[in-house]
Amino acid sequence: MSIASLSAVKARQREAWLALFADDAVVEDPVGRSPFDPVGQGHRGKQAIGAFYDNVIAKNKTFEFVIRESYLCGQEVASVARFFITGPDDVAREVDLVTVHRINDAGKLVSLRAFWEFPGLNG
């Protein structure tokens, strides 16, 4: 599921990305407080996840990814990855992170958690 999610983001396919999620899913990207989620509770439900896509993901000019390692356990997969993103400010960034995708019995994403350090918030 992590490949499907990242591939949809790379292809800029909003509806395909949203279709991967269960109606009550939660996206935490990054986990904890950030300018994307000042309260740090995640984006809950498809409407909020769609708004996150529109306000954060869609604004990036380019997105590429390399998954270095993945660990599948039950209905979750943890992946160690590097993202290559060109933001709306034309600045190219490389982000090392760990993502955890969890699906339900129907194969829909119920949780997407991305662990990465938001510049200026840690340390």
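**Strand pairing and an enclosed cavity**

Ala 81 has Leu 97 of β5 as its bridge partner. The model is predicted. Ala 81 falls in β4, which covers residues 76-86. Strand β5 spans residues 92-103. The two strands run antiparallel and are joined by 11 bridges. Together β4 and β5 make a hairpin, with five residues between them. Within this turn, Asp 90 has a positive phi of about 65 degrees.

Strand β5 also pairs with β6, residues 109-115. Here the bridges number six, and the direction is again antiparallel. Val 100 is bridged to Arg 113 in β6. A hairpin links β5 and β6, and five residues lie between the strands. In this hairpin Gly 107 adopts a positive phi near 85 degrees. Strand β5 thus has β4 as one antiparallel partner and β6 as another. In a regular strand, side chains alternate between the two faces of the sheet.

The search for enclosed space gave one cavity of 30 Å³ or more. The largest cavity holds about 50 Å³ of space. Its lining consists of Val 9, Arg 12, Tyr 53, Ile 57, Asn 60 and Phe 63. By class, four of the lining residues are nonpolar, one is polar and one is charged. Val 9, Tyr 53, Ile 57 and Phe 63 count as nonpolar. Asn 60 is the polar residue of the lining, and Arg 12 is the charged one.

Key:
Residues numbered from 1 in each chain as written. Predicted model: local features only at pLDDT ≥ 70, side-chain atom pairs only at ≥ 80, totals over all residues. Heavy atoms only, no water. 1 Å grid on protein atoms, 1.4 Å probe; cavity = no way out; pocket = protein on both sides within 12 Å on 5 of 7 lines; lining within 4 Å. Points joined across faces, edges and corners; volume = space filled by probe spheres on them. Pairing = 2+ DSSP bridges. Helix = DSSP H or I, 4+ residues; strand = E, 2+ residues; numbered from the N terminus.
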